[in-house]
Amino acid sequence: MCEQVRILGIVGSPRRQGNSTRLLEVALRAAGINGALVQTLGLDELRLQACDGCEACSEGLACVKNPDDASRLLASLHLADVLIVACPVYFFGVPSRLKSLIDRSQPYWWRGEQNRRRGLPRPVRKPAYAIVTAGRNRAGGFDGVLGCLKAFCFSLDFELQTPLLLPSADEPSTMKEGGNAMLRAAEMGRMAAGGS
Ligand SMILES: Cc1cc2nc3c(=O)[nH]c(=O)nc-3n(C[C@H](O)[C@H](O)[C@H](O)COP(=O)(O)O)c2cc1C
């Protein structure tokens, strides 16, 4: 029997009805229709403290300083088969709550680094996808976000696939039902579910 692909979608925008969240919903719906087990994780209701840079996690996996929701959330991300992160560009980077979660993945970065130093084989990386929206349409406008997401995914043993980038998307009304962005998001969801 073929096991269902478990896909976790992370809502990285504080705007619940925003462009990136809507595209994530479209992607996850398509993934579900194509047989995946999908779950959406919002960051706005979580207790999520910023990393304080103590580097205690270099000695072991747990974050000793911050007993909040981050460790539990990161553990479930690490166990997923596929990740889809959706977020807007904020000042060329990711929104602050998402950045807090990303910084808190440092225990996973350390684990990978320790394994590398011990000469252990590299893990087989699982696929991760990104949906990123921006108000402007300027060269390099997505670079900061993509660099950050690539490193985050890598820490959690994922490999970022070709992202869906949507510039000139300040207003939710710029994204039409059945329009190109929605079609591309649905296509991403199908691919994430293991379809072609
Ligand atoms: C605090 C803040 C910072 C932003 N910074 C940028 C930016 O650096 N570049 C850009 O193109 N758009 C920027 N924007 C616009 C958002 O990226 C854009 O409106 C995006 O589509 C919002 O996505 P959402 O609807 O998923 O929340 C910014 C918006 C906010 C609120």
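This is a tutorial dialogue on reading several features of a predicted model.

User: Let us begin with the ligand: which residues come nearest to the ligand, and how many residues surround it?

Analyst: There are 18 residues around the ligand, and of these Gly18, Ser20, Pro88, Ala134 and Gly135 come nearest. By class, the shell divides into seven nonpolar, eight polar and three charged residues, a count in which glycine is placed among the polar ones.

User: Which element gives the largest share of that shell?

Analyst: Helix 1, which spans residues 19-33, contributes the largest share, with three residues.

User: Pro88 was named among the nearest residues; are the residues of strand 3 buried or exposed?

Analyst: The idea is to count neighbours, and a residue is called buried if 20 or more other C-beta atoms lie within 10 Å of its own. In strand 3, residues 82-88, seven of the seven residues are buried, and the strand is mostly covered. Val82, Ile84, Ala86 and Pro88 point one way, whereas Leu83, Val85 and Cys87 point the other way, and both sets are buried.

User: Which strands pair with strand 3, and in what sense?

Analyst: Strand 1, residues 6-11, pairs with strand 3 in the parallel sense over five bridges, and Val11 has Ala86 of strand 3 as its bridge partner. Strand 4, residues 126-133, also pairs with strand 3 in the parallel sense, here over six bridges, and the bridge partner of Ile84 in strand 4 is Tyr129.

User: How should I read the packing of two helices?

Analyst: In general, two packed helices are described by the angle between their axes and the distance between the axes. Here helix 1 and helix 6, the latter covering residues 180-192, pack at an angle of about 40°, with their axes 7 Å apart. Because of that angle, helix 1 is oblique to helix 6, and the crossing of the two helices is right-handed.

User: Now to the loop between strand 3 and helix 3: where do Val89 and Phe91 stand, buried or exposed?

Analyst: Both residues lie in that loop, as Val89 and Phe91 are each placed between strand 3 and helix 3. Val89 is buried because 24 other C-beta atoms lie within 10 Å, whereas Phe91 counts as exposed because it has 8 C-beta neighbours inside 10 Å.

User: What separations along the chain and in space involve these two residues?

Analyst: For this, one sets the separation along the chain beside the distance between C-alpha atoms. Val89 and Pro167 are 78 residues apart along the chain, and their C-alpha atoms are separated by 9.4 Å. Phe91 and Gly141 are 50 residues apart along the chain, with 9.1 Å between their C-alpha atoms.

User: Which residues other than glycine have a positive phi here?

Analyst: As background, most residues other than glycine have a negative phi. Among the residues that depart from this, Asp157 has a positive phi of about 70°, and Ser168 has a positive phi near 55°. Asp157 is placed in the loop between helix 5 (143-155) and strand 5 (158-160), while Ser168 is in the loop between strand 6 (164-166) and helix 6.

User: Why do Asp157 and Ser168 receive their exposure labels?

Analyst: The neighbour count decides the label. Asp157 is partly exposed because 17 other C-beta atoms lie within 10 Å, whereas Ser168 is exposed because the count within 10 Å is 12, and the exposed label applies to 12 or fewer.

Note on methods
Residues are numbered from 1 along each chain as its sequence is written. This is a predicted model: local features need pLDDT of at least 70, side-chain atom pairs count only at pLDDT 80 or more; totals for chains, interfaces and linings use all residues. A residue is near a molecule or strand if its C-beta atom, placed from the backbone, lies within 6 Å of it. Helices (H or I, at least four residues) and strands (E, at least two) are DSSP runs, numbered from the N terminus. Two strands pair if DSSP finds at least two bridges between them. Axes are lines fitted to C-alpha atoms, for helices over the stretch in contact, and angles run from 0 to 180 degrees between N-to-C directions. Angles under 35 degrees count as roughly parallel, over 145 as roughly antiparallel, 65 to 115 as roughly perpendicular and the rest as oblique. A crossing is left-handed if the near helix is turned anticlockwise from the far one by less than a right angle, and right-handed if clockwise.
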